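Please open the structure in your viewer and keep the selection tool at hand. The stops below move from charged pairs to buried cores and then to the surface.

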Amino acid sequence: KGIAFEEKPPRFKVADKVKLLWNQRSKYSVFCVDCGQNVYPDSTKNGSPNYCDNCKKYSISFGKHLGNAEITEIFKIEMWTGNDVPLITGYSLKDTENLIKLDGFSKKVDFYNFFSRYDLSQSKAFWVYRWRWQVER
């Protein structure tokens, strides 16, 4: 599409060590494994410390800190909406499907829903990071 956008450098560099966090900006620290929403570990609701209000059931929970990783690859994608469908500039349909799968989305619609929070009426650049989990010893 060729619309200009403000260029921002990547936040991390290859070989940087990073903490991977679930819902980083959330004030909560424990989340439901089924829906990803916060649970209240100190709650006594229904007699369970792991009751999820969103799922309305008892839930296994996990902490915000998922683990540590080392950045192994960084590249930029540019997205925009064409004919009401998000497009990734410079990627064929097959490449787009591979990118979506590598980013952990099982369906294209989930990937596009994730990016629906952004205004893609004009091109927008996103940095993509690949990483290797660091094993705690």
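Which kind of pairing do the side chains of Glu70 and Lys17 make? Select both residues, bearing in mind that this is a predicted model, and you will find that their side chains meet in a salt bridge, with 3.5 Å from N to O. This pair links distant parts of the chain, since Glu70 sits in strand β6 (residues 65–82) and Lys17 in strand β1 (residues 17–21), 53 residues apart. The two partners differ in their surroundings: Glu70 is buried, at 17% relative accessible area, whereas Lys17 counts as exposed, at 58%.

Keep these two residues selected and add Arg132, for salt bridges that share partners join Lys17, Glu70 and Arg132 into one network. The structure holds five salt bridges, and two further ones make good next stops. Side chains of opposite charge can pair when their charged atoms come close.

Select Lys57 and Asp34, whose side chains meet in a salt bridge at 3.0 Å, N to O. Here too distant parts of the chain are linked, with Lys57 in strand β4 (residues 57–58) and Asp34 in the loop between β2 (30–32) and β3 (51–52), 23 residues apart. Lys57 is partly exposed, with a relative accessible area of 39%, and Asp34 also counts as partly exposed, at 48%.

Move next to Glu97 and Lys108, which form a salt bridge whose closest N and O atoms are 3.5 Å apart. Because Glu97 lies in helix α1 (residues 93–102) and Lys108 in helix α2 (residues 108–115), the pair ties together parts that are eleven residues apart in sequence. Glu97 is partly exposed at 36% relative accessibility, and Lys108 is partly exposed with a relative accessible area of 36%.

Now turn to the interior. In soluble globular proteins, nonpolar side chains tend to be buried together. Select Phe75, Ile77, Met79, Ile88, Leu99, Ile100, Phe111, Tyr112, Phe115, Leu120, Phe126 and Val128, the twelve residues that make up the largest nonpolar core. The elements that give two or more residues to this core are β6, α1, α2 and β8. For a view from one of its members, centre on Ile88, which, leaving aside neighbours within four places in sequence, is in contact with Ile77, Glu78, Met79, Thr96, Leu99 and Phe111.

Apart from that core lies another, of five residues, among them Val18, Leu20, Ile71 and Tyr129. Select Ile71, found in strand β6; is this residue buried or exposed? Ile71 is buried, with a relative accessible area of 3%. Beyond its neighbours within four places in sequence, the contacts of Ile71 include Val14, Val18, Tyr129 and Trp131. Add Trp133 to the selection, and you will see two residues that are 62 apart in sequence while their C-alpha atoms are 9.0 Å apart in space.

Trp133 leads on to the surface, where Trp22, Leu66, Trp131 and Trp133 form a nonpolar patch, with about 430 Å² of accessible area together. Within this patch, pick out Trp131, which is found in strand β8 (residues 124–134) and counts as partly exposed, at 41% relative accessibility.

To finish, colour the model by confidence. The mean pLDDT of the protein chain is 83, and 86% of its residues reach 70 or more. Confidence is lowest in strand β7 (residues 85–88), at a mean of 76, and highest in β1, at 95.

How values were computed. Residues are numbered from 1 along each chain as its sequence is written. This is a predicted model: local features need pLDDT of at least 70, side-chain atom pairs count only at pLDDT 80 or more; totals for chains, interfaces and linings use all residues. Side-chain values use heavy atoms; hydrogens and water are left out. Patches are made of residues with over 30% relative accessible area and no salt bridge: like charges are joined within 9 Å, nonpolar side chains (Val, Leu, Ile, Met, Phe, Trp, Tyr) within 5 Å. Accessible areas come from the Shrake-Rupley method with a 1.4 Å probe; for residues, only the protein chains shown count as cover. A salt bridge is a side-chain nitrogen of Lys or Arg within 4 Å of a carboxyl oxygen of Asp or Glu. Helices (H or I, at least four residues) and strands (E, at least two) are DSSP runs, numbered from the N terminus. Buried means under 20% relative accessible area, exposed over 50%, partly exposed in between (1.4 Å probe, protein chains only). A nonpolar core is a set of buried Ala, Val, Leu, Ile, Met, Phe, Trp, Tyr and Cys residues joined through side-chain atoms within 4.5 Å. Contact means heavy atoms within 4.5 Å. pLDDT is the predictor's confidence in each residue, from 0 to 100.
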